[in-house]
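Reader: Give me a close look at the part that holds the bound molecule. Then work outward to the charged pairs. Keep it brisk.

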Amino acid sequence: MKMYIGGEWVDSSSGELIEKHDPSTGRVIEKFPSATRQDVDRAMDSAEESWEKWYELGSVKRSRILYRAIELIAGSRKELEKILVTENGKVPVQAAEEVDGVIDQIQYYAEFARKIYGEIVEGDSFERKIFQYKVPYGVVVAMTPWNFPAGMVARKLAPALLTGNSVILKPSSDTPLSAEWIVRKFLDAGVPKGVLNLITGRGSEIGDYMVSHPKVSLITMTGSTETGQRIMEHASRNMSKLILELGGKAPFMIWKDADLGNAIKSLVWAKFWNSGQSCIAAERLYVHEEIYDSFMKRFVEVTKRLKVGDPSKSDMGPLINRNALETTESFVEGARSEGMKVLYGGKRPKLDDPFKDGYFYEPTIIADAGSGSRLFTDEIFGPVIGAAKVSDPDDLIREANSSRYGLASYLFTRDHELIFKASEKIRFGELYVNMPGPEASQGYHTGFRLTGQAGEGSRHGVEEYLKLKNVYVDYSGAELHVESIREDLF
Ligand code: NAP
């Protein structure tokens, strides 16, 4: 694959390539360029030179290009689905779901073309007005993760472009192929040269340089909290605006009066969807003590039926890479060494060729997890969950809120008092009551604490890409009297 800089498909100026592996087999499936600082500079120059003309095209014309991109994506969506299966290890039904999400996101943002409003505010006298314009930031750097590699690209490109910014996209080094495919569709749809640039390469090598580049005005990154913190430090150099969608540690709360059929369906989805590699994945299970034993028995029975292996024929594919597999294993080993009981899973499945070297892990359920244990404090990002008993609603909410992260949370109950109390007290950007996720385009995807800054989706997400600027006008034509400056000076 190639990068796209200044309107041309190019290799890295160093010629260096990085190998991309299929997580199901561990085999190399592609090589992609490792960008240099020189490549980044060229992308910055072209993005800076092009955004103003793009902005002046107007939002309606820009949205037509987005609608055209949707047609092109929908028309060859099977290609993208296939890429998601091979580069990420997604099972086909979830790859298709992600492509639905890509289309939905672009459409949602395109619909804002006629809904970008400034304001006119009365000044301190009637003939003075303050015009508040919403204008693009200019050059946007977008860093995307590998877990929803197409969805996250769409969620950043669509609002950034619709609002008249230019973009330099740097996808995860684990999933550059779907990003390249989507960029091609936007270009074929008519995004002008220079407005959209694609840089590939390791974030650890070029990330700091990109985010501290003087031409950058806005950085949008979805990824880990550690990367977000690092970006925040480097972005301080230019005071760049930040949209940071970071880690999660979602509590999944089941009260004694819950509809357990619905709770278990939602839990299996929230934990094992995308092999547990989702920022809104259930990471801590709290079950009312009166139903704990029977619920856990049922949860294990259902989980045993999940098929893990060849993504094309299974319910759960591999983890993204060896590092993710080893991290997941370390959580389970840690829980075992702390005396917690593994009710199901807890190892790599034995698979035949070509999947024997893939990064697979069994869906794993751990009972009686301690609230201070690493299993309950750190993001696992794999198909493993620990469970704890609860009996008091205030304790439940306190335990749920005890995380350093604050993205998604789930509550299953018919108790309306508990629902309202949790809605008020929960310190998470999202609370799903009696339903699974994921978030909708019209919701504002955001988090508390280490989950980050700002958010995506809804009109608030569109506004993140627009800067409010003020123009003060006096149209009275009257002679000015400037308070605090002596009149006899003039
Ligand atoms: P990551 O390692 O932090 O990487 C995210 C992106 O940042 C990648 O493109 C990465 O490039 C780049 N990057 C790495 N170092 C950088 C640096 N110093 N400067 C600038 N960019 C840099 O995260 P991930 O492993 O891909 O994704 C998993 C994490 O994402 C989880 O923590 C998950 O919770 C979070 N996530 C959050 C949301 C949300 O909406 N809140 C959604 C999805 C995922 P390389 O790949 O080249 O390193």
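**The ligand site and the charges beyond it**

Author: Start with Asp 208. An N or O atom in the side chain of Asp 208 lies 3.2 Å from a nitrogen atom of the ligand. Keep in mind that this is a predicted model. His 445 offers another polar contact: an N or O atom of the His 445 side chain is 2.8 Å from an oxygen atom of the ligand. Ser 172 adds one more. Its polar side-chain atom sits 3.4 Å from a ligand oxygen. How much of the ligand does the protein bury? The ligand alone exposes 900 Å², and 89% of that is buried by the protein. In total, 31 residues surround the ligand. The nearest are Ser 173, Gly 203, Ser 224, Thr 227 and Glu 379.

Now the charged pairs. The whole model has 35 salt bridges. Take Asp 45 and Lys 215. Their closest N and O atoms are 2.5 Å apart, and the two form a salt bridge. Asp 45 belongs to helix H1 (residues 37-56), while Lys 215 is in the loop between helix H7 (203-211) and strand E10 (218-222), so this pair ties together parts 170 residues apart in sequence. How accessible are the two ends? Asp 45 is partly exposed, at 30% relative accessibility. Lys 215 is also partly exposed, at 26%.

Next, Lys 134 and Glu 463. Their side chains meet in a salt bridge, 3.2 Å from N to O. Lys 134 lies in strand E6 (residues 128-136) and Glu 463 in helix H15 (residues 458-463), so the bridge ties together parts 329 residues apart in sequence. The ends differ in cover. Lys 134 has a relative accessible area of 18% and is buried, because buried means under 20%. Glu 463, at 34%, counts as partly exposed.

A third pair is Arg 414 and Asp 259. The side chains form a salt bridge at 3.9 Å, N to O. This pair also links distant parts of the chain, 155 residues apart. Arg 414 is in the loop between strand E18 (408-412) and helix H14 (416-425), and Asp 259 is in the loop between strand E12 (250-254) and helix H9 (260-272). Arg 414 is exposed, with a relative accessible area of 52%. Asp 259 is partly exposed at 31%. Some bridges share partners: Arg 77, Lys 78, Glu 81 and Asp 100 are joined by them into one network.

Then a charge without a bridge. Lys 185 sits in helix H6 (residues 176-189). This lysine is buried, yet has no salt bridge. Why not? The nearest side chain of opposite charge, Glu 79, is 4.6 Å away. A salt bridge needs the side-chain nitrogen within 4 Å of a carboxyl oxygen, so the pair does not count. What does Lys 185 touch, leaving out residues up to four places away in sequence? Its contacts are Ala 69, Leu 72, Ile 73 and Ser 76.

Last, a buried residue without charge. Gln 105 lies in helix H4 (residues 92-110). At 11% relative accessibility, Gln 105 counts as buried. Residues up to four places away in sequence aside, Gln 105 touches Ala 154, Arg 155, Ala 158 and Ser 441.

Definitions and conventions
Residues are numbered from 1 along each chain as its sequence is written. This is a predicted model: local features need pLDDT of at least 70, side-chain atom pairs count only at pLDDT 80 or more; totals for chains, interfaces and linings use all residues. Side-chain values use heavy atoms; hydrogens and water are left out. Helices (H or I, at least four residues) and strands (E, at least two) are DSSP runs, numbered from the N terminus. Buried means under 20% relative accessible area, exposed over 50%, partly exposed in between (1.4 Å probe, protein chains only). Lys and Arg count as positive and Asp and Glu as negative; His and the chain ends are not counted. Contact means heavy atoms within 4.5 Å. A residue is near a molecule or strand if one of its heavy atoms lies within 4 Å of it. A polar contact is a pair of N or O atoms within 3.5 Å; within protein, one must be able to donate a hydrogen and the other to accept it, and residues adjacent in sequence count only if both atoms are side-chain atoms. Accessible areas come from the Shrake-Rupley method with a 1.4 Å probe; for residues, only the protein chains shown count as cover.
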